[in-house]
Amino acid sequence: MADNRNNQRHTVDINRLEMLVTIVRRKKADYYKDLIASYDVNLQTTILARGTASTEMKEYLGLDNTEKIAIVSIIKKEYADKALADIEEKFKTIKNGKGIAFTVPMSSVIGVSLFAFLSNNRDMIKEQNYELK
């Protein structure tokens with residue numbers, strides 16, 4: 001039984017999760033949601049936002065539109081760096097595609113089924129459902 005516990009811990013360590021927050025212009029939100037979804041993301045939500053810079057600062061920086069979207073995604077840690085690098089590249093290359101992106105490590109998730117869903121681990125979900133029947 002100890003071997004089984006070690007395997008479960010190992011699986012959890014491999015599948016650590018992070019919360020990826022990406023803030024972009026509203027018109028670009030669908031593009032970034034699709035990009036992020038390509039990293040095996042099973043859960044995303046969007047939150048309407050507005051920039052807070054003063055009028056003088058916006059004029060100085062050439063920012064005319066303050067309507068933003070915050071995209072909150074749960075991503076596996078193993079994909080987080082690559083996703084951030086790709087998002088950064090898009091910020092540099094897409095016209096009016098600038099934004100902010102960062103990750104926050106998730107220290108715990110309560111419930112095996114919830115963890116399996118968030119980590120997009122269908123095998124774990126099947127095993128959990130089988131055990132519940």
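This tour moves through a predicted model, from the overall fold to the sheet, the helices and a few individual residues.

**The whole chain**

Begin with the complete protein in cartoon representation. It has 6 helices and 4 strands, and along the sequence these follow the pattern α-β-α-β-α-β-α-β-α-α. Colouring by accessibility shows how much of the chain is enclosed: buried residues make up 29% of the 133 residues. If contacts are displayed between residues at least 6 apart in sequence, 74% of them join residues at least 24 apart.

**The sheet**

Next, select the four strands. They form an open sheet in the order β2-β3-β1-β4, with antiparallel pairing. At the edges stand β2 (43–50) and β4 (99–105); each has a single partner strand, so one side of each is left without a neighbour in the sheet. From one strand to the next, the twist averages 20 degrees.

Strands of a sheet pair through backbone hydrogen bonds, either parallel or antiparallel. The pairings can now be followed across the sheet from the β2 edge.

- Select β2 together with β3 (residues 67–76): these antiparallel strands are joined by 8 bridges. Within this pair, Thr46 stands opposite Ile71 in β3.
- Add β1, which pairs with β3 in the antiparallel sense over 9 bridges. Here Val72 in β3 is the bridge partner of Val21.
- Finish with β4, joined to β1 by 7 bridges and again antiparallel. A pair to label is Met19 with its bridge partner Val104 in β4.

**Inside strand β1**

Keep β1 (17–25) selected. Is this strand enclosed by the rest of the structure or open? Of its 9 residues, 7 are buried, so β1 is largely enclosed.

Thr22, which lies in β1, is a suitable residue on which to centre the view. Thr22 has a relative accessible area of 0% and is therefore buried. Which residues surround Thr22, once neighbours within four places in sequence are left aside? Thr22 is in contact with Ile36, Ile69, Ala70, Ile71, Ile87, Phe91, Ile100 and Ala101.

**Across to Gly99**

Move now to Gly99, in strand β4. In contrast to a buried position, Gly99 is partly exposed, with a relative accessible area of 32%. Draw a distance from its C-alpha atom to that of Ile23: the two residues are 76 apart along the chain, yet these atoms are separated by 5.4 Å. Leaving aside neighbours within four places in sequence, Gly99 is in contact with Ile23, Val24 and Phe91.

**Helix α2 and the sheet**

Return to the sheet as a whole, with its strand order β2-β3-β1-β4 and a twist that averages 20 degrees from one strand to the next. Helix α2 (residues 29–37) packs on the sheet and touches β1, β2 and β3. The direction of α2 makes about 5 degrees with that of β3.

**The α2–α4 contact**

Add helix α4 (residues 77–93): α2 and α4 pack at an angle of about 155 degrees, with their axes 10 Å apart. How are the two helices oriented, parallel or antiparallel? Angles over 145 degrees count as roughly antiparallel, and α2 and α4 are therefore roughly antiparallel to each other. The crossing of α2 past α4 is right-handed.

Show side chains at this contact. From α2, select Tyr31, Tyr32, Leu35 and Ile36; from α4, select Asp86, Ile87, Lys90 and Phe91. These contact residues divide into 6 nonpolar, no polar and 2 charged. Two of the α4 residues here, Ile87 and Phe91, are also among the contacts of Thr22.

**Two loop residues with positive phi**

Two loops complete the tour. Select Asp40, in the loop between α2 and β2. Its phi is near 60 degrees, a positive value in a residue other than glycine. Asp40 is partly exposed, with a relative accessible area of 26%.

Then select Asn96, in the loop between α4 and β4. Asn96 is not a glycine, although its phi is positive, at about 55 degrees. With 41% relative accessibility, Asn96 counts as partly exposed.

Definitions and conventions. Residues are numbered from 1 along each chain as its sequence is written. This is a predicted model: local features need pLDDT of at least 70, side-chain atom pairs count only at pLDDT 80 or more; totals for chains, interfaces and linings use all residues. Side-chain values use heavy atoms; hydrogens and water are left out. Two strands pair if DSSP finds at least two bridges between them. Axes are lines fitted to C-alpha atoms, for helices over the stretch in contact, and angles run from 0 to 180 degrees between N-to-C directions. Contact means heavy atoms within 4.5 Å. Angles under 35 degrees count as roughly parallel, over 145 as roughly antiparallel, 65 to 115 as roughly perpendicular and the rest as oblique. A crossing is left-handed if the near helix is turned anticlockwise from the far one by less than a right angle, and right-handed if clockwise. Ala, Val, Leu, Ile, Met, Phe, Trp, Tyr, Cys and Pro count as nonpolar, Asp, Glu, Lys and Arg as charged, and the others, Gly among them, as polar. Buried means under 20% relative accessible area, exposed over 50%, partly exposed in between (1.4 Å probe, protein chains only).
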